[in-house]
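Subject: A structure for you to explore

Hi there,

Here is the structure I promised to pass on, along with my notes on what turned up in it. Have the viewer open while you read, and look up each residue as it comes along.

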Amino acid sequence: MTHEPRVSVHPDSQVLMAAIAARLVTKLVDAQDRFGEATVVLTGGTVGIGTLRAVAESAAAPAVNWRRVNFWWGDERFVGAEDADRNAVQAQKALLDSLDLDPERVHVPGSSDEFDSVDDAAADYARRLAEAAAAEHAADYSDQRPDVAPALPRFDVLLLGVGPDAHVASLFPEMAGIREKEALVVGVQDSPKPPPQRISLTLPAINTADEVWMVVAGDDKAGAVGLALAGAGTVQVPAAGPRGRNRTLWLIDEAAAAKVPENLVHKEPRGL
C-alpha cells in the first residue's frame, strides 16, 4: 500500500474531468492487457458523473473493450431503482447507455423497490461482491493465485468524490460507517446528506483497490482536501482514509487545491 498520495492539480473542473477520463481509459486498457478484463468502481457527484460524460465524448474510448469491463459502485442511495438521485441512474445516462456492455458485469446496488431495508440491500451487495471474487479466483491460473478466494474481486481503479464535510462514498464524519473495521459493505440509516438511507463500501473494502483516485473540484471542497492531505484523523475527516494498494491519486482543480501545502502539489500544464 502506498503511503504517499500524489496530488495533481488541473486549471479548472472541465480540464480536470477530461484528464480523469483520459487516465481512466488508459487504466482500463492496461488492466485488460494484463488480466483480460478490467474492473472500475464508480462514484457519483459532479466530477464523478462529469468524468463519465467526458469518457463518452473521448475519441480514445473505443480502445477499451467495454464488454470486458466490470462496473461496481462505491455507494448508492437507497431509493427507487429509477430515482434520478441514484448514482447508477446518472451513470447510465452519462456513459453506460452509450456503450456495448455485458449486463452481467454491471453490478448496481439494490434499491428500495427490491429490498425491504437498506441493511438487506447492503448484505446483498456484499454477497454479490463475494461471488464475483470467488469466480475471479476460480478463473485465476497464475502463479500469484491465493490459496483462498478473497472477499472482494480485484478493483483496478476506484473513484471517490469528497464532500465539503470530507465524507467519501457514504462514510460521514464521526458516524458508524467510517468506524467500521471488518464489514466491507454497510447500510447507512441516517445520512446527514439526503436521502438518509444509503449503501456504502467501507474503508477496508475501498483500500483493497489497486489504485484509488480522489476526484474533487470546487472551492467549497478546499477545506476538506487540505485537512485530508494534512493527515487529519479518519473518523473526523473520512477523506484522509482511502489508500490504494499501489497508488493513491488526488486529481483536483485549482479551487479545491487552495489549502493544500505547495510542496504536495504537482500542477498539470494547461491544455492537458
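The second largest pocket has 22 residues in its lining, and those nearest its centre are Gly44, Gly45, Gly161, His167 and Lys193. Helix H2 (45-57), strand E4 (75-77), helix H3 (87-94) and strand E8 (211-216) are the elements that each give two or more residues to this lining. H2 provides the largest share, with 4 residues. Sorted by class, the lining of the second largest pocket holds 10 polar, 7 nonpolar and 5 charged residues. The volume of this pocket is about 360 Å³. Please keep in mind that this is a predicted model, so treat every value here as computed from it.

Now for the largest pocket, which holds about 1100 Å³ of space. Its lining is made up of 37 residues, and Phe35, Glu136, Asp140, Pro153 and Arg154 are the closest to the centre. Three elements give two or more residues to this lining: helix H1 (13-35), strand E3 (69-73) and helix H4 (118-138). By class, the lining of the largest pocket contains 15 nonpolar, 14 charged and 8 polar residues.

How do H2 and H3, two of the helices that help line the second largest pocket, sit against each other? In general, a pair of packed helices is described by the angle between the axes and the distance between the axes. For H2 and H3, the angle is about 25° and the axes are 8 Å apart. Angles under 35 degrees count as roughly parallel, so H2 and H3 are roughly parallel to each other. The crossing of H2 past H3 is right-handed.

Next, some backbone details. As a rule, most residues other than glycine have a negative phi, and most peptide bonds are trans. Which residues go against the rule for phi here? Ala166 is one of them: it is not a glycine, yet its phi is positive, at about 75°. Ala169 is also not a glycine, and has a positive phi of about 50°. Ala166 sits in the loop between strand E5 (157-160) and helix H5 (176-179), and Ala169 is likewise in the loop between E5 and H5.

Are these two alanines buried or exposed? The cut-off for buried is under 20% relative accessible area. Ala166 has a relative accessible area of 3%, so it is buried. Ala169 counts as buried because its relative accessibility is 9%.

As for the peptide bonds, a cis one joins Pro194 and Pro195, with omega at about -5°. You can find Pro195 in the loop between strand E6 (185-188) and strand E7 (198-201).

Finally, here are a few loop residues to click on. For these you need the other cut-off as well: exposed means over 50% relative accessible area, and partly exposed lies between the two limits.

- Glu254 is in the loop between strand E9 (247-253) and strand E10 (265-267). Its relative accessibility is 36%, so Glu254 counts as partly exposed. Glu254 and Pro11 are 243 residues apart in sequence, while their C-alpha atoms are 5.5 Å apart in space.
- Val148 has its place in the loop between H4 and E5. Val148 counts as exposed because its relative accessibility is 64%. From the C-alpha of Val148 to that of Ala138, 10 residues away along the chain, the separation is 9.9 Å.
- Val108 belongs to the loop between H3 and H4. With a relative accessible area of 25%, Val108 is partly exposed. The C-alpha atoms of Val108 and Ala94 are separated by 15 Å, with their positions 14 residues apart along the chain.
- Asp116 is also found in the loop between H3 and H4. Its relative accessible area is 81%, so Asp116 is exposed. Asp116 and Pro204 are 88 residues apart along the chain, and 26 Å separates their C-alpha atoms.

If you would like a place to start, try Glu254 and Pro11: pick out their C-alpha atoms and look for the 5.5 Å between them.

Happy exploring, and write back with any questions!

Best wishes

Terms used: Residues are numbered from 1 along each chain as its sequence is written. This is a predicted model: local features need pLDDT of at least 70, side-chain atom pairs count only at pLDDT 80 or more; totals for chains, interfaces and linings use all residues. Side-chain values use heavy atoms; hydrogens and water are left out. On a 1 Å grid over the protein atoms alone, a cavity is a set of points where a 1.4 Å probe fits but cannot get out, and a pocket is an open set with protein on both sides within 12 Å along at least five of seven lines; lining residues have an atom within 4 Å of a point. Grid points are joined across faces, edges and corners, and a volume is the space filled by probe spheres set on the points. Ala, Val, Leu, Ile, Met, Phe, Trp, Tyr, Cys and Pro count as nonpolar, Asp, Glu, Lys and Arg as charged, and the others, Gly among them, as polar. Buried means under 20% relative accessible area, exposed over 50%, partly exposed in between (1.4 Å probe, protein chains only). Axes are lines fitted to C-alpha atoms, for helices over the stretch in contact, and angles run from 0 to 180 degrees between N-to-C directions. Angles under 35 degrees count as roughly parallel, over 145 as roughly antiparallel, 65 to 115 as roughly perpendicular and the rest as oblique. A crossing is left-handed if the near helix is turned anticlockwise from the far one by less than a right angle, and right-handed if clockwise.
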